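User: Got a minute to go through this one with me? I've got a few quick questions.
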Amino acid sequence: MSDKLEKGPTTRRRSTFFAAAATSATLKEANGKSTVGRNNKVSNAKQDCYRNSKEIVQDLHTTAKQRVKHERHYFSCHKLQESLLSSSSGYSNYRGILNWSIVMLVLSNARLFLENLLNYGVLVDPIQVISMFWEDPYSWPAACLVIVSNVFILAALYTERRLSLGIFSEQLGTTIHGVNLMTVLCFPMFTVLILDSVTPVGGVIALGVYTVLFLKLYSYKDVNKWCRAIQHTKARSLSRSLSCPADPPAGPSGHRANKRKVEGQVSYPQNLNYGDLYYFVFAPTLCYELNFPRSPRIRKRFLLRRLFEMVFFMQLLVGLIQQWMVPSIQNSMKPFQDMDFSRMAERLLKLSVPNHLIWLIFFYWFFHSSLNFVAELMQFGDREFYRDWWNSETVTYFWQNWNIPVHKWCLRHFYKPMLKRGVSKWVGQAAVFLASAFFHEYLVSVPLKMFRPWAFMGMMAQVPLAWIVGRFLRGNYGNAAVWMSLIIGQPIAVLMYVHDYYVLHFDGTEAT
Ligand SMILES: CC(C)(COP(=O)(O)OP(=O)(O)OC[C@H]1O[C@@H](n2cnc3c(N)ncnc32)[C@H](O)[C@@H]1OP(=O)(O)O)[C@@H](O)C(=O)NCCC(=O)NCCS
């Protein structure tokens, strides 16, 4: 039909052209302006005629086009196009679907919450939370451990001061730092294992503080060592330039500019004091710097908002754990003891929902509310505590973006130094994950006083998982794989530990 429509006007257009040309010529002749012998006038007339006919043809073309458009508007209602849900359509606005997902999530969780309340009643108990920290109100072993950690901080400062004065050789300094760092890891571990009065929660907090301190003191030692190396290099090049001055000396203006540049900036070894070290110990970073970026002032509204979030989300976390996680875990014990695989899978999926929700709330509570609160209070300028890990399409991207303080430390003090020594990328990454696996296991097994390799294996499994996801999955599929590993992977580890803990402490008799 459209073919016919297009052929029609073309034929009509051609015949109209000749007719118009003839009409124009006849009209001119009739006016008496065209005579034999006056060739130039004839040619002008011919040109006019040609121009006029061209305009007419153009007009006719336009009207024909309009007519075709008009006819098409009424007759043809199809065009070449893909369905919206086909990936080749290029459509990407799924805002409505996202809202639908949120509504479904709220509704299904509201049902689960109601079911939980009907089954178990209200289980939230603030007194029980306090007893998890302090079994005996007159014995505070975890808090004492945290206070004792000051000894190791002062030992690091003392060693650095001696090194800066040249009283300690580099080798001696490295040995003392090594011993100090090993003690930072071993002393709380043995204390938690030996003292029965340390509760699992108290143990996790104390060991967490010591782990952070270990990473900070390691960074402190490294950066001061780099400063000394730069100082020696400068001193050597200065002595060389004094014996053979290569550059002309800087003029008075240049000197002033240099002075202005370093004004307010701390340089080595002026940084080796209590204030500087304790600022770093409390700052929300694991990587030491002589001059941290500082925010100009404390924003009170921002600070209060973060404080409110910290308190609110902390309560919410505790409430969700007591009301939702604990009964789910208790109900999962029997299928695990009977090795009933289908029931185990059902329990695992059931646990994955509260576990994941709690993990997400924990992420916001810790990385956004708490770290920003501390940073605002200390006017610490660098607030990049996390990046957009939720868009991760690879496992590698997730680990690069979810915990920036740890990732920065790993890169600066472990991974890059290894690469510089010629270690291959894969071996370097495996070594970082091995160290990370060790710390995860340290933070779980020691407080529970029960050595099981689940956390270690979970971290080490990230290396092959990263390879598989990176090799076989792309885009949304990769993103879904990362989410799946988070949603399902964590409750597996949680259930393993809780199961073993129950078996060890209650001999399976209380598990129902
Ligand atoms: C292992 C890990 C550090 C790898 O990080 P990555 O960003 O994938 O590493 P890449 O190979 O891409 O290289 C990163 C950096 O090294 C640099 N680099 C690469 N090869 C180098 C070499 N031969 N020499 C020096 N630097 C090199 C890159 O330029 C890049 O530098 P940039 O960050 O300044 O751009 C990261 O996956 C990680 O942090 N894993 C552990 C996370 C963890 O356990 N977190 C615990 C949270 S609870």
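User: Is His 440 buried or exposed?
Analyst: In between: His 440 counts as partly exposed because its relative accessibility is 36%. Buried means under 20% relative accessible area, exposed over 50%, and partly exposed in between (1.4 Å probe, protein chains only). Bear in mind that this is a predicted model, where local features need pLDDT of at least 70, side-chain atom pairs count only at pLDDT 80 or more, and totals for chains, interfaces and linings use all residues. Residues are numbered from 1 along each chain as its sequence is written, and side-chain values use heavy atoms, with hydrogens and water left out.

User: What does UniProt place at His 440?
Analyst: The feature "active site", from an unreviewed entry. Such annotations may be inferred rather than shown by experiment; positions follow the numbering used here and feature names are shortened.

User: Which residues is His 440 in contact with, leaving aside neighbours within four places in sequence?
Analyst: Ala 455 and Met 459, where contact means heavy atoms within 4.5 Å. Also, a polar atom of the His 440 side chain lies 2.8 Å from the backbone oxygen of Ser 436.

User: Switching topic, which residues does the cis peptide bond join?
Analyst: Tyr 268 and Pro 269, with omega at about 5 degrees.

User: And what's the phi of Gln 379?
Analyst: Positive, about 50 degrees, although Gln 379 is not a glycine. Gln 379 is partly exposed, with a relative accessible area of 23%.

User: How about Lys 449, what's phi there?
Analyst: Lys 449 isn't a glycine either, and has a positive phi of about 55 degrees. Its relative accessible area is 28%, so Lys 449 is partly exposed.

How values were computed: A polar contact is a pair of N or O atoms within 3.5 Å; within protein, one must be able to donate a hydrogen and the other to accept it, and residues adjacent in sequence count only if both atoms are side-chain atoms.
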